[in-house]
Amino acid sequence: NAEVHGIGTRVSADLDATEKTLNEKRAFIADLESKLRSIEPYVPRVEALTTMNDALRAEVGANRQEITALRMALEVERDSHSRTSNKIRILEAKLSQSDDRHEELFS
């Protein structure tokens, strides 16, 4: 009889502890549900902002590629300009020499 009473007491204590844990978990779930309800109105806006952010990242990537292409084109133009400038200097020097010879011949 005492043994049954001891088992009954332990079972009762276990049930009380389980009920307490269950109530704590219910309160925790209720708190999470409340928080979820409070943020749900913002979900569509966050999704829209995420989509906009992705689009802007893609645009930035495209702009970076365009800038890289323009820098390469600028380098090609600079090289071309440099070669043209060198050719002009050479032609000017030849012209100057021709002018000097012409002066010598006709003076």
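The secondary structure of the protein chain in this predicted model comes down to 2 helices and 0 strands. With a radius of gyration of 43 Å, well over the 13 Å that the globule rule gives for 107 residues, the chain is more spread out than a compact globule. The C-alpha trace tells its own story along the principal axes, spanning about 145 × 35 × 15 Å. Helix α1 takes in residues 2-39, and helix α2 runs over residues 43-106.

Not much is tucked away here: just 1% of the 107 residues count as buried, a label that calls for under 20% relative accessible area. The protein chain exposes about 10000 Å², and carbon and sulfur atoms supply 59% of that area. As for charge, there are 16 positive and 20 negative side chains, and the centres of the two sets sit 2 Å apart.

Turning to the salt bridges, a search of the whole structure comes up with 2 of them. One pairs K35 with D31, whose side chains meet at 3.3 Å, N to O. Both of these residues belong to helix α1 and are 4 residues apart, about one turn of the helix. Neither partner is hidden: K35 is partly exposed, with a relative accessible area of 47%, and D31 is partly exposed too, at 35%.

Another salt bridge joins the side chains of E75 and R78, at 3.1 Å, N to O. This pair lies in helix α2, with the partners 3 residues apart, again about one turn of the helix. E75 has 40% relative accessibility and so counts as partly exposed, while R78 gets that label with a relative accessible area of 48%.

The surface also carries patches of like character. A nonpolar one is made up of L36, I39, Y42 and V46, which together offer about 410 Å² of accessible area. Of these, Y42 is placed in the loop between α1 and α2. Y42 counts as exposed because its relative accessibility is 54%, and the cut-off for that class is over 50%.

A patch of another kind, negative in charge, is formed by D99, D100, E103 and E104. Among them, D99 is found in helix α2. At 42% relative accessibility, D99 counts as partly exposed, since that class covers values between the buried limit of 20% and the exposed limit of 50%.

Terms used
Residues numbered from 1 in each chain as written. Predicted model: local features only at pLDDT ≥ 70, side-chain atom pairs only at ≥ 80, totals over all residues. Heavy atoms only, no water. Patch = residues over 30% accessible without salt bridge, like charges linked within 9 Å, V, L, I, M, F, W, Y side chains within 5 Å. Areas by Shrake-Rupley, 256 points an atom, 1.4 Å probe, with all protein chains shown as cover. Salt bridge = Lys/Arg side-chain N within 4 Å of Asp/Glu carboxyl O. Lys, Arg positive; Asp, Glu negative; His and termini not counted. Charge placed at Lys NZ, Arg CZ, Asp CG, Glu CD. Buried < 20%, exposed > 50% of the residue type's maximum accessible area, 1.4 Å probe, protein only. Rg over C-alpha atoms; globule rule 2.2 N^0.38 Å.
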